[in-house]
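Me: I have a protein open on my screen and would love a close look at one part of it, the sheet and what packs around it. Could you walk me through that part at bench level?

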Amino acid sequence: MGAALALALRPGLTIYLHGDLGAGKTAITRALLQAAGHAGNVKSPTYTLAEPYTILLAGRPVEVIHFDLYRLASPEEFLDAGFREYFNENTICIIEWPEKAAGVLPPPDITLQLSIAGTGRDIELQASSNQGFECLDRLKFAPNL
């Protein structure tokens, strides 16, 4: 799913990832970044809160910021860190645990809800903006049924 989503990305997207610990939020982000051409390590930003990556979309470099807000003490901490500056038309922001910065995060274009289902995962995608709907319209994914 991460690889399929990588092909549908456009700059300016804000993507929220919801799910319990171990549901696969970092794994889907890792798959997305690697499918988008990032060749290096993709680590969870649990302690740094944010990790930047550069990928190529349509031959143009685009910055992706992967946030993991699990350890955020309050929404104000998100603002104090200056993270809002990353949310713009040129950057893709992927946020794990967005509820930790409720009220200060920009709204999502796409929300992914991940849950453990036996030995696999269930993923629900929901668009909440025109840009999010356009991204999901571009999505090509053939699930294992």
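In what order do the six strands of the open sheet come, and what is the pairing?

Reply: Happy to. First, a word on the model: it is predicted, so local features need pLDDT of at least 70 and side-chain atom pairs count only at pLDDT 80 or more, while totals for chains, interfaces and linings use all residues. Residues are numbered from 1 along each chain as its sequence is written, and side-chain values use heavy atoms, with hydrogens and water left out.

Now the sheet. The strand order is β2-β3-β4-β1-β5-β6, an open sheet with mixed pairing. Helices (H or I, at least four residues) and strands (E, at least two) are DSSP runs numbered from the N terminus, and two strands pair if DSSP finds at least two bridges between them. At the edges sit β2 (50-57) and β6 (120-127), each pairing on one side only. On average, neighbouring strands here are turned by 20 degrees against each other, direction ignored. For such angles, axes are lines fitted to C-alpha atoms, for helices over the stretch in contact, and the angles run from 0 to 180 degrees between N-to-C directions.

Let's start at the β2 edge. β2 runs antiparallel to β3 (residues 60-68), and eight bridges join the two. Among the bridge partners, Thr54 is matched with Glu63 in β3, and Pro52 with Ile65. The β2 and β3 hairpin has two residues between the strands, and in this hairpin Ala58 takes a positive phi near 55 degrees. In general, strands of a sheet pair through backbone hydrogen bonds, either parallel or antiparallel.

At the other edge, helix α4 (residues 130-138) lies across β5 (110-117) and β6, running at about 135 degrees to β6; contact here means heavy atoms within 4.5 Å. The loop between β6 and α4 holds Ser129. Ser129 counts as buried because its relative accessibility is 19%; buried means under 20% relative accessible area, exposed over 50%, and partly exposed in between (1.4 Å probe, protein chains only). A polar atom of the Ser129 side chain lies 3.0 Å from the backbone nitrogen of Gly132.

Gly132 is also one of the buried residues of α4, along with Cys135 and Leu136. These residues cover an arc of only 95 degrees around the axis, so they are on the same side of α4; the arc is that of the directions from the helix axis to the C-beta atoms. They pack against α1 (2-6), β5 and β6. On the other side of α4, Asn130 and Asp137 are exposed.

You may be wondering about the cysteines. With a disulfide defined as a pair of cysteine sulfur atoms within 2.5 Å, the count comes to zero. Cys93 makes no such bond because its sulfur is 14 Å from the closest cysteine sulfur, in Cys135, which is too far. Cys93 is buried, with a relative accessible area of 1%, and Cys135 is buried too, at 0%.

Note on methods:
A polar contact is a pair of N or O atoms within 3.5 Å; within protein, one must be able to donate a hydrogen and the other to accept it, and residues adjacent in sequence count only if both atoms are side-chain atoms.
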